[in-house]
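Please examine the sequence and the three-dimensional structure shown below. The report that follows describes them in order.

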Amino acid sequence: MTPNPRFQTTLATPTRDAVVVELHASMAEMIDLALQGKQLHWNIVGPRFQSIHEFLDELVDTYRGWSDDLAERCTALGVAPDGTAGYISDHSGLPQCPSGFQPDMVVAEAMAERVLLAAKHVRERAERLADLDPASEDLLLEILAGLEEQAWMLQAQSMTGTAESAADAKREPKSANGSAAKPRIGAAAS
Ligand SMILES: [Fe+2]
């Protein structure tokens, strides 16, 4: 992120800088979601290949659009965004998706987990922007609503459709030693 002092904005510089931190972090995660969505799109196998393979491409298109919106909001505030591969690798707050061919249900759950985590981060950032810049807050809220809709759709694709399995998904899982295990899809992201 590089400010250009020749660009004038309606925000005081310290406020502008605080706003851009939130926008830029969100941009990095949208670019990461686009990359990981493509990775899973290419490597999915299984009986639900076609529908999830195509759905992932739809998601990737939205992440590319949102990352463009966020990057250009940074630019409108006089700060040059950095969307290079090296920057995204170093700064995304999302875990890397599994490599190699993956079963369709693993793909749906892995993508849902990352989308939920990104939504949680975007919600936290939008809350911090509420008193700083409503215009930037609005952009994050629009993205938040879209991410939460995607998370629902991905979770629905990874459910078996029985009431029993839905109830199981809501229970906090325990590992073999009794400690809390990694949350399943359907539990709150952390
Ligand atoms: Fe493709």
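In which helix is the place of Leu141? Leu141 is in helix H5. The structure is a predicted model, in which local features need pLDDT of at least 70 and side-chain atom pairs count only at pLDDT 80 or more, while totals for chains, interfaces and linings use all residues. Residues are numbered from 1 along each chain as its sequence is written.

## Confidence and overall build

The term pLDDT denotes the predictor's confidence in each residue, from 0 to 100. The mean pLDDT of the chain is 87, and 84% of the residues reach 70 or more. Two stretches have pLDDT under 50: residues 163-167 and residues 169-190. Beyond four places in sequence, the model has three contacts for residues 163-167 and 23 contacts for residues 169-190. Two residues are in contact if their C-beta atoms, placed from the backbone, lie within 7 Å.

The chain has six helices and four strands. Helices (H or I, at least four residues) and strands (E, at least two) are DSSP runs, numbered from the N terminus. From that terminus on, the order of the elements is β-α-β-α-β-α-β-α-α-α.

Of the 190 residues in the chain, 36% are buried. A residue is buried if 20 or more other C-beta atoms lie within 10 Å of its own, exposed if 12 or fewer, and partly exposed in between, with C-beta atoms placed from the backbone. Among contacts between residues at least 6 apart in sequence, 74% join residues at least 24 apart.

## Helix pairs

Three helix pairs are set out in the table. Axes are lines fitted to C-alpha atoms, for helices over the stretch in contact, and angles run from 0 to 180 degrees between N-to-C directions.

| Pair | Axes and angle |
|---|---|
| H4 (residues 104-129) and H5 (residues 134-157) | axes within 8 Å, crossing at roughly 160° |
| H1 and H2 (residues 49-76) | axes 8 Å apart, angle of about 160° |
| H2 and H5 | axes within 11 Å, crossing at roughly 170° |

Angles under 35 degrees count as roughly parallel, over 145 as roughly antiparallel, 65 to 115 as roughly perpendicular and the rest as oblique.

The axes of H4 and H5 cross at roughly 160°. The helix H4 is therefore roughly antiparallel to H5. The crossing of H4 and H5 is left-handed. A crossing is left-handed if the near helix is turned anticlockwise from the far one by less than a right angle, and right-handed if clockwise. The contact of H4 with H5 involves 17 nonpolar, four polar and four charged residues. In this classification Ala, Val, Leu, Ile, Met, Phe, Trp, Tyr, Cys and Pro count as nonpolar, Asp, Glu, Lys and Arg as charged, and the others, Gly among them, as polar.

H1 and H2 pack at an angle of about 160°, so H1 is roughly antiparallel to H2. H1 passes H2 in a left-handed crossing. Their contact comprises 16 nonpolar, six polar and four charged residues.

For H2 and H5, the axes cross at roughly 170°, and these two helices are therefore roughly antiparallel to each other. Residues of H2 including Ile52, Leu59 and Trp66 meet residues of H5 including Ser136, Leu139 and Ile143. By class, this contact has six nonpolar, five polar and two charged residues.

## Individual residues

Is Leu144 buried or exposed? Leu144, which is found in helix H5, counts as buried because it has 20 C-beta neighbours inside 10 Å. Leaving aside neighbours within four places in sequence, Leu144 is in contact with Ala119, Val122, Arg123 and Ala126. Leu144 and Ala119 are 25 residues apart in sequence, with their C-alpha atoms 5.5 Å apart in space.

Leu141 is partly exposed because 17 other C-beta atoms lie within 10 Å. The C-alpha atoms of Leu141 and Arg125 are separated by 9.4 Å, and the two residues are 16 apart along the chain.

Two further residues lie in loops. Ala12 is in the loop between strand E1 (2-3) and helix H1 (13-43). Ala12 has 10 other C-beta atoms within 10 Å and is therefore exposed. Ala12 and Leu132 are 120 residues apart along the chain, yet their C-alpha atoms are separated by 10.0 Å.

Asp131 is in the loop between H4 and H5. Asp131 is exposed because 9 other C-beta atoms lie within 10 Å. From Asp131 to Thr15 the separation is 116 residues in sequence and 9.9 Å in space, C-alpha to C-alpha.
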